[in-house]
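Subject: Handover of a structure

Dear colleague,

Please find the structure below, which I am handing over to you. My notes on what was found in it come after the sequence and model.

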There are 2 protein chains.
Amino acid sequence: MATIYDVAKAAGVSPKTVSRVMNGDAPVNEKTRAAVETAMAQLNYVPSSAARTMRSQRSGLIGMITGAISAVHEFEDAGLPEIYLVQGAQRVFAQANRTLLIADSGGRADRIPALLQTFREHRVEGVLYVADYHQQVSLPQSLRDGRIVLANCFDAEDTPCVLPDDEGGQFALVDGLIRRGHRRIAYLTLPEHYAACALRVSGYRRAHAENGVEIDERLIQVGALPSPTHEFDLLWDALDRVLRAEPTVICCANDKMAMRVYGLLRERGLAIPREMSVAGYDDYRTIAEHLHPGLTSAQLPYAAMGARAADKLLRLITGTQRPAEANRELVSGPVAWRDSVQSRDFNITQLSTRRKET
Amino acid sequence: MATIYDVAKAAGVSPKTVSRVMNGDAPVNEKTRAAVETAMAQLNYVPSSAARTMRSQRSGLIGMITGAISAVHEFEDAGLPEIYLVQGAQRVFAQANRTLLIADSGGRADRIPALLQTFREHRVEGVLYVADYHQQVSLPQSLRDGRIVLANCFDAEDTPCVLPDDEGGQFALVDGLIRRGHRRIAYLTLPEHYAACALRVSGYRRAHAENGVEIDERLIQVGALPSPTHEFDLLWDALDRVLRAEPTVICCANDKMAMRVYGLLRERGLAIPREMSVAGYDDYRTIAEHLHPGLTSAQLPYAAMGARAADKLLRLITGTQRPAEANRELVSGPVAWRDSVQSRDFNITQLSTRRKET
DNA sequence: CGATGTCATGATATCGGTGTCATTAACAAT
DNA sequence: ATTGTTAATGACACCGATATCATGACATCG
């Protein structure tokens, strides 16, 4: 493999001049530059990032810790969409000339020290810590002393983080339902210990409050267990309870639950959306687009979160973080309206409202 | 950041001895080793992989090119499961003390040269090229001159690759259906230009042949288009046609199609599995497990493929590839039997056969 | 007992770049 | 004419490891 010395010799200049051609840190004569570039091309020269890192003390590497890649959760296969988050981050980093080192915790926290060791050996300039669902985490001390940004999670120490706007997402969804004429909106929630649960319920409530619609508390039921062992039984019962409150639409905690609700409603002979509208959360396209009818769902903006988190980390690294900036950033996503929601009781006013919305 | 010299000084030995403690390439006195290790711990020493790479000419890095991470296919969101492939590979590499550099082509082939440049700068020891579905690819020359293994794809130059055993998977599924008493087995296939299509159809045929069951050709229909624009119409018509041939079970090209078939069958008032059994392909658990009833599906063994591909690449790198070994390796997955398939016409013989199978 | 081998360790060069400083020429400003 | 400034380039040290070779202390062997 050709080195900078080979190139220098071939071009009849000093190695330092070759370096200057590559880095543009000092003026180089046009003819010299051409000669160097010709030599580089002929020798098929590729600079060694190891040597560069060593001398310049800048690795250009960003470490990313994620459980998603091998989240072999025993109970859940959540986290797959998190891969979009990787994508969003990767794009931003590539533009900033950084390379991503991805380490996979395999969902096991005890592996993190080893991954971190690898990161340190590679002298990563920062770490992006990605959780597979919105949750609180507590970082090992070793992680906290470097530059780090959390994505899809937060901690008690106010470490910089980027989170989905669950409150706003559920608000937008329910607000949209109300504008479409729904007044009795059932909500099958996540288990209550999930961070997203309380936020979304509060979005649900705010949408009702702001539109002056009262809530029948029987319409809100927990629809899922953390372990799926008796999930169907629970969902069946929860569905039973909300149906007794006679809703016109059922909001589900996520698209997977909505998929099950599709099956359960059909068993009861309720046609979607003619007799019952359904909405999900996540906008997990594999499900939402292929269900029949297409599932209306609030989007979890993973790609945008990844990009924002990457941005944030880059600013931390380059020290351009505006001091006014909050440590915690929320990212909102749109609602994908599909055929699983039917508009009800239209009148002129509501139609015009709806037009504004789009 | 502490260097090997700092450690050497603190332990009262030469840097080379510290190096020996870390690498174990020469005997070190027990007392010396202890002193060095103490010094390393106290100084919080982490060796620099850049320096190591430079001197030893071995980077310990493996490059992975994948479109999955940002496969923003306009029409398909296939490829998400491919992330399991990354997982499988990562695990093997970690054990072999290699670190994965993941580059994301964003589904755009024109970006690959840039990614490759990054890989070369980091002196990767090999490249794993991962496709988002079983397909033929043609590698740029620049990729072909390094050590490379293809996963989930193959090329015309017989580059080493690891592929899913589509023929065997469909065979196992249909064979299992026949053992469960089904004789009229419909098959809604992939579009014909997909590599997997012909393979799976041939597995379907072999299962019939080996069991002495004749095939009513009307039972085989293309069930999907490469673009989803009129996918539902096509599927509707295809379903119509196979139903006229009176099947007892419908095999779908993949789980997404099966999900749509669930909806369509229910619209026709056919209960699954009582009046019609359904099977998928991929074992995309997010879908298969959460559909109601659970979807029987042949597994695409992504994790295993990733591991096998990683193994293969490591053998290429270390030169331990057995010469007898084929360049093309097939990986088989099991069939996940769930409630969407009902057994028919049992008799004692078949019951005992079934017991052996599990 | 000298020759040879093994253990344990150190001295030194080197991997391939870049940071620092020096040098020269050309030209502008004083 | 003197000084200062900028462009263009090179010499040299150095980043932090490891490869190579050398060395001294013992143990083993014929």
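The notes that follow take up the relation between the chains, the DNA strands, and then the empty spaces.

Please bear in mind throughout that this is a predicted model.

**The two chains**

Chain B is superposed on chain A by a rotation of 180 degrees with 0.0 Å of shift along its axis, and the RMSD is 0.1 Å. The two copies are thus related as by a two-fold rotation axis. The same surface serves both copies, since 100% of the contact residues of chain B recur in chain A. Within chain B, the residue that comes closest to the rotation axis is Ala50(B), whose C-alpha is at 2.2 Å.

**DNA strand C**

DNA strand C is surrounded by 27 residues, and the closest are Ile4(A), Arg55(A), Thr17(B), Thr32(B) and Met54(B). Of the strand C atoms within 4 Å of the protein, 49% belong to sugar or phosphate, and the rest belong to bases.

Two residues of chain A place polar side-chain atoms by the bases. An N or O atom in the side chain of Lys16(A) is 2.8 Å from a base nitrogen of DNA strand C, and a polar side-chain atom of Arg55(A) is 3.1 Å from a base oxygen of that strand. From chain B, a backbone N or O atom of Ser14(B) lies 2.8 Å from a phosphate oxygen of DNA strand C.

Two or more residues of the surface near DNA strand C come from each of helix 1 (4–11), helix 2 (15–23) and helix 4 (49–56) of chain A, and from each of helix 2 (15–23) and helix 4 (49–56) of chain B. Helix 2 of chain A gives the most to this surface, with four residues. By class, the surface near DNA strand C has 11 nonpolar, nine polar and seven charged residues.

**DNA strand D**

Around DNA strand D there are 26 residues, the closest being Thr17(A), Thr32(A), Met54(A), Ile4(B) and Ser19(B). Sugar or phosphate accounts for 52% of the strand D atoms within 4 Å of the protein, and bases for the rest.

Here the polar contacts to note are from chain B. Lys16(B) has a polar side-chain atom 3.2 Å from a base nitrogen of DNA strand D. Two further residues face the phosphates: an N or O atom in the side chain of Asn23(B) is 2.9 Å from a phosphate oxygen of DNA strand D, and a backbone N or O atom of Ser48(B) lies 3.4 Å from a phosphate oxygen of that strand.

The elements that each supply at least two residues of the surface near DNA strand D are helix 2 and helix 4 of chain A, with helix 1 (4–11), helix 2 and helix 4 of chain B. The largest share, four residues, comes from helix 2 of chain B. The residues of this surface divide into 11 nonpolar, nine polar and six charged.

**Cavities**

The structure holds five cavities of 30 Å³ or more. The largest cavity contains about 140 Å³ of space. It is lined by 16 residues, and those closest to its centre are Ser49(A), His122(A), Ser49(B), Ala50(B) and His122(B). Ala50(B) is thus named here as well as for its place by the rotation axis. Helix 4 of chain A and helix 4 of chain B each supply at least two residues of the lining of the largest cavity, which divides into four nonpolar, eight polar and four charged residues.

The second largest cavity holds about 70 Å³ of space. Its lining draws on both chains and includes Met259(A), Tyr262(A), Arg266(A), Met259(B), Tyr262(B) and Arg266(B). Helix 11 (255–267) of chain A and helix 11 (255–267) of chain B each supply at least two residues of this lining. By class, the lining residues of the second largest cavity are six nonpolar, four polar and two charged.

**A pocket**

The second largest pocket has a volume of about 1,300 Å³. Of the 41 residues that line this pocket, Met1(A), Val46(A), Pro47(A), Ser48(A) and Arg123(B) lie nearest its centre. The lining divides into 20 nonpolar, 12 polar and nine charged residues.

Yours sincerely

Definitions and conventions: Residues are numbered from 1 along each chain as its sequence is written. Chains are lettered from A and ligands numbered from 1 in the order in which they are written. This is a predicted model: local features need pLDDT of at least 70, side-chain atom pairs count only at pLDDT 80 or more; totals for chains, interfaces and linings use all residues. Side-chain values use heavy atoms; hydrogens and water are left out. A residue is near a molecule or strand if one of its heavy atoms lies within 4 Å of it. A polar contact is a pair of N or O atoms within 3.5 Å; within protein, one must be able to donate a hydrogen and the other to accept it, and residues adjacent in sequence count only if both atoms are side-chain atoms. Ala, Val, Leu, Ile, Met, Phe, Trp, Tyr, Cys and Pro count as nonpolar, Asp, Glu, Lys and Arg as charged, and the others, Gly among them, as polar. On a 1 Å grid over the protein atoms alone, a cavity is a set of points where a 1.4 Å probe fits but cannot get out, and a pocket is an open set with protein on both sides within 12 Å along at least five of seven lines; lining residues have an atom within 4 Å of a point. Grid points are joined across faces, edges and corners, and a volume is the space filled by probe spheres set on the points. Copies are superposed by least squares on the C-alpha atoms of residues with pLDDT of at least 70 in both. Contact means heavy atoms within 4.5 Å.
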